[in-house]
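Please open the structure in your viewer and keep a residue selection tool at hand. The stops below are meant to be followed in order, each with something to select and something to look for.

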Amino acid sequence: WCFAETRKASGSTVIVKLSDDKRVGYGVERLKAQLQAGGQSVSVLARPSTKRSDAEVLVVGLKDNSFFSKQLTDADRKCAELGSAEGFLIKRVSDGKHGETFIVGADEQGAMYGCLEAAEAIRIGEFGNWPASRASAPTMKLRSYDFVFPSFVKGCVWNDNPHAAMRLARWFYDKNKVSSFLDKMAEAKFNTVKMDLTHPFPAIEAIPGYPEALKDVWEETPLTLDKLKTERIPYLRWLFAECRRRGITPYISFFTAGIPDSVAKAHQLNGAIDGVYHTQYPEPEAELYTRACVKAFSDTYGDLAGLFIWNVESVPQGSGVLQNQWLKKAIIDGLLESAHRPPCILAPFNNALTEDRAGLEAILKSYPELHYISADCDGENTTAPDLECYYFDSIKSYKGVGGVVGGMVNANLGGWGSGNIEPYPWFSFDYMKKMVDFLVSKGMVGSTS
């Protein structure tokens, strides 16, 4: 956290936290730390005090809390932001002697964002210049940041870079650095993080029936089964819990028919199965292996993290029916066998959406935790705000089927090799606003980059 610009001002502040939610607690924690950095003495209470004092009072809670029934006007309650998910209202009132600030969330996430926005305004000395009432709410439902998971599994390589993974690992497993990164994500109102790897499962879980998969994990320090169980899994559970505390849902993404070399040899499989862009349906053993991977992920992390399912290059491209068959038998059935129901995002080919609609609808209804359907744009290179995608309408038509909230886009900055300078427009607020406006006009509700 950065407090460099805080102006010291002695005094006392009381923060009243009207919710036990972890996200609200995180927001209050950040607000308290910023006030203390400015020289304030800060106490946190669970309910408002009936005694008057000279302390400044900030009350944080949800709009339906009984405390706010007398504190908010009809106009306050009707403001659009309090009617939107993750929205908030910050209202300051004073009787001339005592001042109070209400940070009111449309939901827990909104209350957290209100605290973070107030903390930032205090940090830069702008809080006192705010109008008496200030409200905000995100436009997009899903706002994601994307980076490569720092590992490498031999035999399961699409565009993974083992050397980049080694460098990233030194940062990724540093709790202080990762915590700071997540803090910045929360401040920027990202509510999702996607960690990419062609086939991450051997590097993050023990896969029952396939112990040989661990042999193909290539990292700077060899990953043993003992290290996986005593270090890697506890660390990732800590990381995913820290994401959740900040209102960020973590997703592990994977290409769905990856087979490690050792597994392929042990079970007489073809490994890459006719190459990445193959036309045949994967072998039965590949189906069993993938289902075991997915179930093990859900058993290990499904209470904290979700899956981003790339049901694209690694399935039979020519048949939507076969693609959906693989999705159900290798992935969804594995999730349904687990005690947890992790959230999922599906990235399909268009023909899976159009040729076998009845099949896909049945899958979505059987697993209502699949919330978004994702499209790739411009070959994954986002070089213009008006993204090109020929199946926005197909994706949009699935909204409301099962638990589908809507469609989203996946767009890589700079493409697979990151060798061009096209990402630089992303530093422009005007460019970003045009892109979001365009996505909204196409009925999309989220984006990851």
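**First stop: a glycine in a loop**

Select G258 and display its surroundings: leaving aside residues up to four places away in sequence, G258 touches C156, H199 and Y289. Bear in mind throughout that the model is predicted. G258 lies in the loop that runs between β9 (249–255) and α8 (261–266), and with a relative accessible area of 10%, G258 is buried, since the cut-off for that class is under 20%. Draw a C-alpha to C-alpha distance from G258 to C156, and the viewer should give 5.2 Å, although the two residues are 102 apart in sequence.

**Second stop: strand β10 and its neighbours**

From the loop, move to strand β10, residues 306–311, which is mostly covered, with six of its six residues buried. If you show the side chains, you will find that G306, F308 and W310 point one way from β10, whereas L307, I309 and N311 point the other way.

Now add the strands that pair with β10. Five bridges join β9 to β10, and these two strands run parallel; select F254 to see the residue that stands opposite I309 in β10. Strand β11, residues 344–348, is likewise joined to β10 by five bridges, again in a parallel arrangement, and here F308 stands opposite I345 in β11.

**Third stop: T300 in helix α9**

Next select T300, which is found in helix α9, residues 284–301. Is T300 buried or exposed? Its relative accessibility is 19%, and T300 therefore counts as buried, the limit being under 20%. Follow the side chain of T300 to the backbone oxygen of A296, which it reaches at 2.7 Å. Setting aside residues up to four places away in sequence, T300 also touches E205, I233 and R237.

**Last stop: helices α1 and α3**

Finally, select helix α1 (residues 22–37) together with helix α3 (residues 108–123), which pack at an angle of about 10° with their axes 8 Å apart. Because angles under 35 degrees fall in that class, α1 and α3 are roughly parallel to each other. To display the contact, take residues of α1, including V24, V28, L31 and L35, and residues of α3, among them A111, M112, C115 and I122. By class, the contact of α1 with α3 comprises 12 nonpolar, three polar and four charged residues; R23 and R30 of α1 and E108 and R123 of α3 are among the residues that make this contact.

How values were computed. Residues are numbered from 1 along each chain as its sequence is written. This is a predicted model: local features need pLDDT of at least 70, side-chain atom pairs count only at pLDDT 80 or more; totals for chains, interfaces and linings use all residues. Side-chain values use heavy atoms; hydrogens and water are left out. Axes are lines fitted to C-alpha atoms, for helices over the stretch in contact, and angles run from 0 to 180 degrees between N-to-C directions. Helices (H or I, at least four residues) and strands (E, at least two) are DSSP runs, numbered from the N terminus. Angles under 35 degrees count as roughly parallel, over 145 as roughly antiparallel, 65 to 115 as roughly perpendicular and the rest as oblique. Contact means heavy atoms within 4.5 Å. Ala, Val, Leu, Ile, Met, Phe, Trp, Tyr, Cys and Pro count as nonpolar, Asp, Glu, Lys and Arg as charged, and the others, Gly among them, as polar. Buried means under 20% relative accessible area, exposed over 50%, partly exposed in between (1.4 Å probe, protein chains only). A polar contact is a pair of N or O atoms within 3.5 Å; within protein, one must be able to donate a hydrogen and the other to accept it, and residues adjacent in sequence count only if both atoms are side-chain atoms. Two strands pair if DSSP finds at least two bridges between them.
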